[in-house]
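Trainee: Could you take me through one part of this model in close detail? I'd like to see how a single helix sits among its neighbours.

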Amino acid sequence: MRRVVITGIGVISSIGTGKEDFMEGILSGKDGKKDIPYFNTEKYTLKRANIVEGFHETQYCMKNGNTEKEAANVYGLYASKQAMEDAGLISASYANDRKGVAVATSLGSIGGKANIHQQILDGKSYQDVDFSAAFECCSTPSGVISKEFECYGPNISVSTACAAGTNSIGCGYDMIKNDTCDMVIAGGSDPFEQMSFSGFLSLKTITQNELTPFDLNRSGIDIGEGAAVVILEELDSALKRGANIYAEVLGYGLSNDAYHATSPDPNGGGARLAMSMAMKEAGINLQDVNYINAHGTGTKINDKMETGAIAELFGHHASDIMISSTKSMHGHMLGATGSIEAIVCALAIKEGFVPATTKTKELMEECENLDIVLGTFRKEQIQYAVSNSFGFAGNSSSIVIGRYVC
């Protein structure tokens, strides 16, 4: 059976850009919130979010000389380049038709579309509108990444809401496991956009205070932005070229709770199914898992649903599993959130730590018998981690990442 390992990491986030800075942000419990620079917030009740520093109006110069301006594509390209360099694959060669891409996004290309709509709102006739933005926004992050790194194999753009970042790594895992590819660029990229910010505010899901997952007084999510990309490789190929291996992807599960457009099934059926599918494919027992990177959004409904699903699925073993939500630091990065949390798991396994849920003070009663890691990180060895992502429209995904053993 073909095994799949993580050999490269790239991160653009509000708490650190690049693998080292990001890990330092996680270990120090850094807060990613900054003033929103992209539009006038005068009429908004919130004026801060988890913003990527130093990337406002950043562009990316492609190999062909074209300049990429679309934020989702720019973030995805920079994170992919970091990951390729980290894996030592910028100059190393795989056959182009054995290289694939699976990159998630919720908001990719929305900036170009908004530009067109704004021209129409400003009174331009259709024949005078600059529709070049329409053609630019046809290229989602996966498309420009495939072009830039000459990946001629499968190219998948995943948009299963906030489950997409985990889903994309699962897709890449399948490409390699099923012998379609030997290397896959997988992850997610989402910029901070006024439309989604306004939408979440209208749904009253954004906290007016701090993001405090699993807290008794939790009051909602906190939007983030950025990109997170991993290089997945077939194990024998990675060993042959002497690659540094962070961790092994062992299995993933993808389900839908078929309950509501924006609210999860309070009984946690989709969450339990995704987790159990992932562990079944990984070939591990419930007792083998010792860390869960929870979706942990800080909403009343999600946190109660997720902790209930964990308690029901793992039974007596649930109290032995360390659990945390790193969204308390980097925010909810939408289509990129699952991939950045998978990276947290890979780094934690490799470096021997368990990240914390940093801002939570008083745990909700459903966590009474669970080991929620609070305050600062722990120095602990993780053998098997489960990373959860649950999104709108009932989308649920879980991935099992384990310590690489020869």
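Mentor: H1 and H12 are roughly perpendicular to each other, since angles from 65 to 115 degrees count that way. Their axes cross at roughly 85° and come within 11 Å. Bear in mind that this is a predicted model.

Let's look at who touches whom. From H1, the residues in the contact are Lys 19, Phe 22, Met 23 and Ile 26. On the H12 side they meet Ile 340, Ile 343, Val 344, Leu 347 and Glu 351. Sort that contact by class and you get 7 nonpolar residues, 2 charged and no polar ones.

Now stay with H1, which covers residues 19–28. Its buried residues are Lys 19, Phe 22, Met 23, Gly 25 and Ile 26. Looking down the axis of H1, these fall within an arc of 155°, so they line one face of the helix. The background for that pattern is simple: an α-helix has 3.6 residues a turn, so residues three or four places apart point the same way. And H12 (337–351) isn't alone in packing against the buried residues of H1, as strand E1 (4–13), strand E2 (16–17), H2 and helix H11 (327–330) do so too.

Follow the chain out of H1 and you come to Gly 29, which has a positive phi near 70°. Then there's Lys 30, in the loop between H1 and strand E3 (33–35). Lys 30 is partly exposed, its relative accessible area being 38%. Setting aside neighbours within four places in sequence, Lys 30 is in contact with Ile 15, Gly 25 and Met 329. Gly 25 we've already met, among the buried residues of H1. There's a long-range pairing here as well: Lys 30 and His 330 sit 300 residues apart in sequence, yet their C-alpha atoms are 8.2 Å apart in space.

H2 is worth a stop too, as one of the elements that the buried residues of H1 pack against. H2 (residues 71–87) has a crossing with helix H5 (residues 141–148), where the axes come within 9 Å at roughly 40°. That makes H2 oblique to H5, and the crossing is right-handed. The residues that H2 brings are Ala 72, Asn 73, Gly 76, Leu 77 and Ser 80, and those of H5 are Pro 141, Val 144, Ile 145 and Glu 148. By class, the contact of H2 with H5 holds 5 nonpolar, 3 polar and 1 charged residue.

If you want another helix to set beside H1, try H7 (residues 194–202), whose buried residues are Ser 196, Phe 197, Phe 200 and Leu 201. Seen down the axis of H7, they lie within an arc of 140°, so they line one face of the helix. Met 195 and Ser 202 are exposed on the other side of H7. After H7 comes Lys 204, with a positive phi near 60°.

Two other loop residues have a positive phi without being glycine. Glu 57, with phi of about 65°, lies in the loop between strand E4 (48–50) and strand E5 (60–61). Ala 161, with phi near 55°, is in the loop between strand E8 (155–158) and helix H6 (164–177). Glu 57 is exposed at 68% relative accessible area, whereas Ala 161 counts as buried at 18%.

Note on methods
Residues are numbered from 1 along each chain as its sequence is written. This is a predicted model: local features need pLDDT of at least 70, side-chain atom pairs count only at pLDDT 80 or more; totals for chains, interfaces and linings use all residues. Side-chain values use heavy atoms; hydrogens and water are left out. Axes are lines fitted to C-alpha atoms, for helices over the stretch in contact, and angles run from 0 to 180 degrees between N-to-C directions. Helices (H or I, at least four residues) and strands (E, at least two) are DSSP runs, numbered from the N terminus. Angles under 35 degrees count as roughly parallel, over 145 as roughly antiparallel, 65 to 115 as roughly perpendicular and the rest as oblique. A crossing is left-handed if the near helix is turned anticlockwise from the far one by less than a right angle, and right-handed if clockwise. Contact means heavy atoms within 4.5 Å. Ala, Val, Leu, Ile, Met, Phe, Trp, Tyr, Cys and Pro count as nonpolar, Asp, Glu, Lys and Arg as charged, and the others, Gly among them, as polar. Buried means under 20% relative accessible area, exposed over 50%, partly exposed in between (1.4 Å probe, protein chains only). The arc is that of the directions from the helix axis to the C-beta atoms.
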